[in-house]
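Here are a few exercises to work through with the model open beside you. Try each task before you read its solution.

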Amino acid sequence: MRGRLVLAILLLWTLRADGAAPCAGDEAIEIVFFDVGQGDCALVKCPDGRRVLIDCGSNSSPRPDPKAIAAELKRHLDPNAPTIHVLAVTHPDQDHYNLAERVLEGVSVERILLPGPEDGVDEAIREYRAAGFNRWLERHRKAITCVGPDDEGGPASPSKLFGTGETRFTVLAADFRGGSKRSNFVTNSRSMVLKISYRRFDAILAGDATKETESHILERLRDAPEWLDVELLKLGHHGSYATSTQPAWMDRLKPEFAVASAGRDNRYGHPSRTVVERGQDYYLRVPPHAVRWATRSGTAGLVDVSYDRAFWNTGSSGTVRVVATGAREREARVILEPQKIEEVIAAGE
Ligand SMILES: [Zn+2]
């Protein structure tokens, strides 16, 4: 009985700094972090009905079933005319796009954003070879816009990228080329880093941004510290310690909620315990739940722990949905999949 009660409470798990419940019928923004294994795929459900998909790929082996992800995605789209109004691919690494073509079968995609210079659409398309995604992009050529440093927004040019209703999307960095010289991280540094704002709720989705990208953003917005203070952070590069989420970045963002999009038993040691704990002074307290992180790189170091802070890893929690009315700062609701909630209860008792 107690278990059922806890289950019912957790199904609509309300997290608010002041303990009050949001009013029914409030318009809310929702960000869905799909469990795609070792990769990224997040859907922003804007209150005006628009749908923005940020990345769609996975490096897991075996790869997750695109049909299952497509079915899950379609539950959040208009059943009569499933549409993604904007697809933003943060950078050309396949764990951020190789599922997109199959997942988006039967979905109309109106606009596509890729990092790159404004006149570089041809070159940009060529970068997405894995799973033949470049051919899909070629067919959608007219919808593609390349987003580069000139499109970066900030206090002086808010919402330069796009907005819909009361939701604003701002590019904090795109196609940044001053990053790490290690070839496998050059692409990560080019990640589009997006800030999403709805009323008083703000989120940053960092793609695989490196510390160099973070420093670039911190420097650009040095005189507007409040501008980077957000409620939610999707950790850069799946929670990697070696490349992303430097202390200064976390201290400026001060997220109350954080999500890592990393696969269960991934061989990269994501997310790193050090990175997760770097934000714990800012995360809200929540009922204990299972989080899988790595104490050292490699599968042997992956452990489940009971964690009482508002941090989730899709590799242990499954799909994570963050819902916010934006009526106040520091508040959101987190909804987990029912089968994974059992895991939360088990960890909490
Ligand atoms: Zn990645």
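**Exercise 1.** In this predicted model, decide whether Phe-257 is buried or exposed.

*Solution.* Start with the cut-off: a residue is buried if 20 or more other C-beta atoms lie within 10 Å of its own. Phe-257 has 29 C-beta neighbours inside 10 Å, so Phe-257 counts as buried. Next, place Phe-257 in the fold: it belongs to strand S15, residues 257-260. Finally, list its contacts beyond four places in sequence, which include Tyr-283, Ala-310, Val-322 and Val-334. For a sense of reach, the C-alpha atoms of Phe-257 and Arg-333 are 9.8 Å apart, although 76 residues separate the two in sequence.

**Exercise 2.** Find the order of the strands in the open sheet that holds S15.

*Solution.* Seven strands line up as S10-S11-S12-S13-S14-S15-S18, with mixed pairing. At the edges are S10 (162-164) and S18 (311-313), each pairing on one side only. From one strand to the next, the twist averages 15°. Now zoom in on S12 (residues 193-198) and S13 (residues 201-205): they run antiparallel and are joined by five bridges. Within this pair, Leu-194 has Leu-205 as its bridge partner. To finish, look for helix H7 (residues 211-220), which lies across S11 and S12 at about 115° to S11.

**Exercise 3.** Which residues have the most contacts inside the largest nonpolar core?

*Solution.* This core has 87 residues, and the ones to pick out are Ala-42, Ala-88, Val-193, Leu-194 and Val-322. Take Ala-42 as a test case: beyond four places in sequence, its contacts include Ile-31, Phe-33, Ile-54 and Leu-205. Then step back to the whole chain, where 48% of the 349 residues are buried.

Terms used:
Residues numbered from 1 in each chain as written. Predicted model: local features only at pLDDT ≥ 70, side-chain atom pairs only at ≥ 80, totals over all residues. Core = buried A, V, L, I, M, F, W, Y, C linked by C-beta atoms within 7 Å. Buried ≥ 20, exposed ≤ 12 C-beta atoms within 10 Å, placed from the backbone. Contact = placed C-beta atoms within 7 Å. Helix = DSSP H or I, 4+ residues; strand = E, 2+ residues; numbered from the N terminus. Pairing = 2+ DSSP bridges. Axes fitted to C-alpha atoms, helices over the stretch in contact; angles between N-to-C directions.
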